[in-house]
Amino acid sequence: MFDIKWIRANAEAFDAAVARRKGVSVRSSDLLAIDDRRRDIIVRLNQAQEKRNAASKLIGQAKAQKDEAKAEALMSEVTALKDSIQQGEAEERAIELELHNALAVIPNLLFDDVPDGADESGNVEYFGRNGTPETVAKVRAPRPSFSFAPKEHYEIGEALGGMDFEVAAKLSGSRFVVLKGQVARLERALGQFMLDLHTNAHGYTEVQPPLLVKDDALFGTNQLPKFEDDLFFAGHAGGRLALIPTAEVPLTNLVRESMLSEEELPLRFTALTPCFRSEAGSAGRDTRGMLRQHQFNKVELVSITSPEASVDEHERMLGCAETVLQKLGLHYRVMNLCSGDVGFGAKRTYDLEVWLPGQDTYREISSVSVCGDFQARRMDARYRPAGEKQAPRFVHTLNGSGTAVGRCLIAVMENYQQEDGSVLVPDVLQPYMGGLKSIGGR
RNA sequence: GGAGAGGUGGCAGAGCGGUUGAAUGCACCGCACUCGAAAUGCGGCAUAGGGGCAACUCUAUCGGGGGUUCGAAUCCCUCCCUCUCCGCCA
């Protein structure tokens, strides 16, 4: 969420920044006009309140001195102010809400070096800060070659008896799957492997958050008010709770409405959770298989940092997510999202796209974003800088998948498939599979 | 689910209709004392929004929201949360 004071001081920069965003037509002048009216209301209200407070003090003194006549006179004088104060308070509430609502739907400011582009076709491959195609090739697995036509994951999974979309449809409708046997275990192994990696090697604290959250939390991480249609809600007496679309919501909101000390930063949280998405805008897309489900597991990474540390933390987090794919021996590329593809709350986003030989294409398996203080403002999450008395500052937040477990299962199955329909278990997962080296093989 | 108690500043904890943004203690930061430290003394120490070039000043905030009143931390309504007891339960 933008700070109206910042917009006032940087009107041209704001207009230029907003112009880079798709489908946003707001201008600084619109917002400043609301703010002007707001200030005007506040000034008049404050003056009335000041008068009332001064008179009330005098009444208190008069009463203390038993001067009832004087008190009566003052009281009748102030009574007239009551209406205008109450009206002013109502006006202030209304205008604050108007400004808040206007600001709440404006997407975050992009970093200057985010490439311009209308949609994902404008994304640019990213090789790291000082990287090149050659340097990344040294650490990433090459694209696998097959002596046979590689199958898609659902063909492999169904043939192994480990993926059942038909029975899932009976239970829950489309975009659900039932995993069974060693495929289910492989999915579990992937989640455990990722969680262990991030907690043991990357310094993240494991969290088991609630999977149902309030609207306030969703506002904090930008799902509300603009993206309500993407959510599932569980209704209950007296309200509703949303099923989390990503653990970014509970993990980031862990610091909401708090005053951290600088020494605590950075905070790094990770969680393996189911995620629930209505996929309202994706009707007809990716309907085969388990690429796009209403429910899937994901390991999420969230960092809370000082403003100075967030840009470096972004690169670090990207590295944490990449390590997952490197250890699994999966071929992938990193894309620096263009202006038309970066999400609402992010200043910059890197996507990890894993190679799916069955689909013969790269597919997103992780998205790593730096949000600056955008979410912190929405959550009121601040920290007090160390040293002499300093004003509190908003923290910076980052989030990334590390990685989407369901999609990673797809990637493992397609990349490790054998001609006989079996799937080799990647080395790093074998300890999680009781030493099993192959599914469906012998 | 039933009955009760409670939510006050970084923390602990008073106040329960009148100059209270809020006693007191702890923590923290200056200064004094000291060779230094401790102890002690003095002073400072919330957040947000306005106005002002500035010094400064005004307003709001005692869980959230609404109300009564000239005036609310104090009274009323409502919601949320915490604790205790009983019941139920994985």
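A residue is counted as buried when its relative accessible area is under 20%. In this predicted model, Ser278 has a relative accessible area of 16% and is therefore buried under that cut-off.

Ser278 belongs to a set of positions that the unreviewed UniProt entry lists under "binding site", namely Arg277, Ser278, Glu279, Glu364, Ile365, Ser366 and Ser367. Within the fold, Ser278 is placed in the loop that runs between β9 (267-276) and β10 (295-305). Beyond residues up to four places away in sequence, the contacts of Ser278 are with Asp229, Asp230, Leu231, Phe232 and His294. One of these partners, Asp229, places its backbone oxygen 2.6 Å from a polar atom of the Ser278 side chain.

Glu279, also listed in the record for "binding site", lies in the loop between β9 and β10. The relative accessible area of Glu279 is 16%, so this residue is buried. Setting aside residues up to four places away in sequence, Glu279 touches Arg175, Asp230, Arg292, Gln293 and His294. Asp230 and His294 thus appear among the contacts of Ser278 and among those of Glu279.

Arg363 is located in strand β13 (residues 361-370). With a relative accessibility of 18%, Arg363 falls under the 20% limit and therefore counts as buried. Residues up to four places away in sequence being left out, Arg363 is in contact with Asp286, Leu291, Arg292, Leu352, Glu353, Val354 and Leu356. Arg292 is listed both for Arg363 and for Glu279.

Burial was also examined for a helix. In α13 (residues 405-415), 11 of the 11 residues are buried, so the helix is largely enclosed by the rest of the structure. The buried residues of α13 include the charged side chains of Arg407 and Glu414, together with nonpolar residues, among them Val405, Leu409, Ile410 and Met413.

A further feature is a pocket. The second largest pocket has a volume of about 280 Å³. Its lining comprises 14 residues, of which Phe2, Asp3, Ile4, Leu99 and Leu103 lie nearest the centre of the pocket. Helices α1 (4-9), α3 (28-64) and α4 (68-104) each contribute at least two residues to this lining, and the largest share, 4 residues, is supplied by α4. Classified by residue type, the lining of the second largest pocket consists of 6 nonpolar, 1 polar and 7 charged residues.

Definitions and conventions. Residues are numbered from 1 along each chain as its sequence is written. Chains are lettered from A and ligands numbered from 1 in the order in which they are written. This is a predicted model: local features need pLDDT of at least 70, side-chain atom pairs count only at pLDDT 80 or more; totals for chains, interfaces and linings use all residues. Side-chain values use heavy atoms; hydrogens and water are left out. UniProt positions are given in the numbering used here, feature names are shortened, and annotations may be inferred rather than shown by experiment. Buried means under 20% relative accessible area, exposed over 50%, partly exposed in between (1.4 Å probe, protein chains only). Contact means heavy atoms within 4.5 Å. A polar contact is a pair of N or O atoms within 3.5 Å; within protein, one must be able to donate a hydrogen and the other to accept it, and residues adjacent in sequence count only if both atoms are side-chain atoms. On a 1 Å grid over the protein atoms alone, a cavity is a set of points where a 1.4 Å probe fits but cannot get out, and a pocket is an open set with protein on both sides within 12 Å along at least five of seven lines; lining residues have an atom within 4 Å of a point. Grid points are joined across faces, edges and corners, and a volume is the space filled by probe spheres set on the points.
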